Amino acid sequence: PIVGGFGSRVDLDGNEIIVSNASTLAYVFEKNANGLQQKQVIYSPNASDGGFGYAISVENNRIAIGDPLINSVAENAGSVFIYGKTGDLYDLQQIIPSPEATANYHFGSCVKIFGNHLFIAAENQVNYQNASSNVGSVYHYLFNGTEWVFQQKLTLGNSSFFGKKIEVNDNILAIYGTSSNGTTKYFALFKLIDNNYAFTGSHEYNGLWGQ
């Protein structure tokens with residue numbers, strides 16, 4: 001479920017901290033000699049949908065803000081809004097709509113910027129009403145110097161909610177998901193090879209970890 005409230009989502013890079021209420025807006029804070037100061041408020045382009053800032057990621061003066069509830073190409077299909085810094089403020093530079101015209105696809109449920117790589121999850125891929133069909137996918141984009149361009153789609157068989165959590169470091173990508181029946185939690189690992197991520201294996205856990 002979408003749960004709103006200041007501080008629901010937080011990310012930081014250097015002296016900047018991005019905080020959202022997971023529904024309508026995100027705040028940009030800067031830590032300097034005077035302490036922590038609010039620099040900007042980024043409002044949802046469509047405040048009525050209530051999902052703006054459900055996922056946020058900031059790196060190198062670029063912010064990705066996911067809104068999995070926006071009616072982009074279908075009801076609740078989702079979009080991701082990309083902001084870049086001009087001077088001291090961030091401006092909207094690109095909107096990435098859901099690549100699938102599927103209701104409740106929830107594209108933008110998780111986002112992660114890493115250098116010139118951007119990862120966007122559609123956690124509720126296929127059918128939101130049927131838990132066994134919530135396969136999930138992660139879309140990989142590359143920055144070409146002007147905009148983010150689709151590179152590949154990552155999925156994993158016999159999975160559910162694939163992309164609920166995304167972490168990346170150096171050339172290794174880790175994506176969290178569960179088994180299709182929801183009993184097993186895992187991280188799937190991928191390795192970067194020629195601008196594409198190749199699956200290398202997964203690590204499972206059947207206890208309380210990941211809940």
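**Close-up views of a predicted model**

**View 1. A64 and its partner across the strands.** In this predicted model, A64 stands opposite I82, a residue of β7. The two strands in this view, β6 and β7, run antiparallel and are joined by six bridges. Strands of a sheet pair through backbone hydrogen bonds, in either a parallel or an antiparallel way.

**View 2. The open sheet around β6 and β7.** Stepping back a little, we find four strands in an open sheet, ordered β5-β6-β7-β8, and the pairing is antiparallel. At the edges are β5 (55-59) and β8 (89-97), each of which pairs on one side only. From one strand to the next, the twist averages 20°.

**View 3. N76 in the loop between β6 and β7.** Follow the chain from β6 (62-67) towards β7 (79-86) and you will meet N76 in the loop between them. Is N76 buried or exposed? Its relative accessibility is 18%, and because buried means under 20%, N76 counts as buried. Setting aside neighbours within four places in sequence, the residues in contact with N76 are P68, L69, I70 and N71, together with N104, Y105 and H106.

**View 4. Residues 127-132, a stretch to view with care.** Over residues 127-132, pLDDT stays under 50. The model has eight contacts for this stretch beyond four places in sequence. Where pLDDT is low, please do not read the predicted coordinates in detail. For the chain, the average pLDDT is 87, and 86% of the residues score at least 70.

Methods: Residues are numbered from 1 along each chain as its sequence is written. This is a predicted model: local features need pLDDT of at least 70, side-chain atom pairs count only at pLDDT 80 or more; totals for chains, interfaces and linings use all residues. Side-chain values use heavy atoms; hydrogens and water are left out. pLDDT is the predictor's confidence in each residue, from 0 to 100. Contact means heavy atoms within 4.5 Å. Buried means under 20% relative accessible area, exposed over 50%, partly exposed in between (1.4 Å probe, protein chains only). Two strands pair if DSSP finds at least two bridges between them. Axes are lines fitted to C-alpha atoms, for helices over the stretch in contact, and angles run from 0 to 180 degrees between N-to-C directions.
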